[in-house]
Amino acid sequence: TAQDNSSPTPSGVKEIHYWIDGVETVISVSQTSFTLTAEKSYTVSYYAVDIAGNTESPPKIEVIQIDKALPVITFTQTPAANIYGWNNTDVRVSFTATDTLSGLISVEPSAPVPFTTEGENQQVSGIARDRAGNFAGVTANVNIDKTPPHSSIDTSWHSTHWKVRFKWTDNLSKASLLQYAFDGGSWQTYSPLPGEDTYGPWEDV
């Protein structure tokens with residue numbers, strides 16, 4: 001919007017000149033508008049001319065920056081979980097983020113978050129904000145089981161041989177493998193792995 005404030009009697013605004021990134025537009029009105037949609041930084045320069053031929057000087061300059069994209073936030077779990085999604089030690093979760101246009105203003109929490117107690121689906125959320133006001137979040141799920149599983153053996157005598165079978169219990173992550181060895185021999189995998197607190201098939205000894 002332009003107005004003529006000259007004295008004693010203003011002649012009125014004749015036209016507005018403006019440039020967007022060096023491209024000039026001349027509008028023969030005292031008020032105009034335009035729309036910027038692309039994500040980028042624009043340099044807008046403008047001045048007005050009155051009917052008497054007076055030119056506003058110096059031209060005004062505005063920098064307009066548009067950033068619609070959300071930041072990208074990720075987390076790192078240290079140490080990483082195993083293939084089943086579990087850890088058997090304390091865990092730290094750290095958040096990092098990037099933003100390609102306006103730049104980051106904050107990433108929270110900014111320090112690594114420690115997990116020291118046993119539990120399943122322990123959560124912590126992080127959020128990143130950029131200078132344009134966009135924000136994005138992500139949630140980490142941590143599973144910690146520091147307690148070893150417990151296995152049990154059941155035996156059965158037969159006329160010519162001895163049979164055994166096994167079962168297991170675990171308070172959190174559940175067993176993924178059960179192995180056994182006889183008389184100091186090599187370890188063998190007990191298969192199929194039975195359900196928790198359920199005896200599996202008999203094995204001949």
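Two residues are in contact when they have heavy atoms within 4.5 Å of each other. The model described here is predicted.

The chain has 205 residues and a radius of gyration of 36 Å. A compact globule of that length would come near 17 Å. Taken along the principal axes, the C-alpha atoms fill a box of roughly 125 × 25 × 25 Å. Of the residues, 27% count as buried. Contacts between residues at least 6 apart in sequence were also examined. Of these, 48% join residues at least 24 apart. The secondary structure comprises 15 strands and zero helices.

One open sheet has three strands, in the order 11-12-15. The pairing in this sheet is antiparallel. Strand 11 (150-157) and strand 15 (203-204) stand at its edges. Each has a single partner strand, so one side of each is left without a neighbour in the sheet. Strand 12 covers residues 162-169 and runs antiparallel to strand 11. Eight bridges join strand 11 and strand 12. In one of the bridges to strand 12, Ser151 is partnered by Trp168.

Strand 9 spans residues 119-130 and includes Arg129. The relative accessibility of Arg129 is 35%. Buried means under 20% and exposed means over 50%. Arg129 therefore counts as partly exposed. Neighbours within four places in sequence were set aside for its contacts. Arg129 is then in contact with Pro71, Leu104, Ile105, Ser106, Asn134 and Phe135. Pro71 lies 58 residues from Arg129 along the chain. The C-alpha atoms of Arg129 and Pro71 are nevertheless separated by 6.7 Å.

The second largest pocket holds about 330 Å³ of space. Its lining is made up of 18 residues. Asn82, Asn88, Asp145, Ser173 and Lys174 are the lining residues that lie nearest the pocket centre. By residue class, the lining of this pocket divides into eight nonpolar, six polar and four charged residues.

Terms used. Residues numbered from 1 in each chain as written. Predicted model: local features only at pLDDT ≥ 70, side-chain atom pairs only at ≥ 80, totals over all residues. Heavy atoms only, no water. 1 Å grid on protein atoms, 1.4 Å probe; cavity = no way out; pocket = protein on both sides within 12 Å on 5 of 7 lines; lining within 4 Å. Points joined across faces, edges and corners; volume = space filled by probe spheres on them. Nonpolar A, V, L, I, M, F, W, Y, C, P; charged D, E, K, R; others polar. Pairing = 2+ DSSP bridges. Helix = DSSP H or I, 4+ residues; strand = E, 2+ residues; numbered from the N terminus. Rg over C-alpha atoms; globule rule 2.2 N^0.38 Å. Buried < 20%, exposed > 50% of the residue type's maximum accessible area, 1.4 Å probe, protein only.
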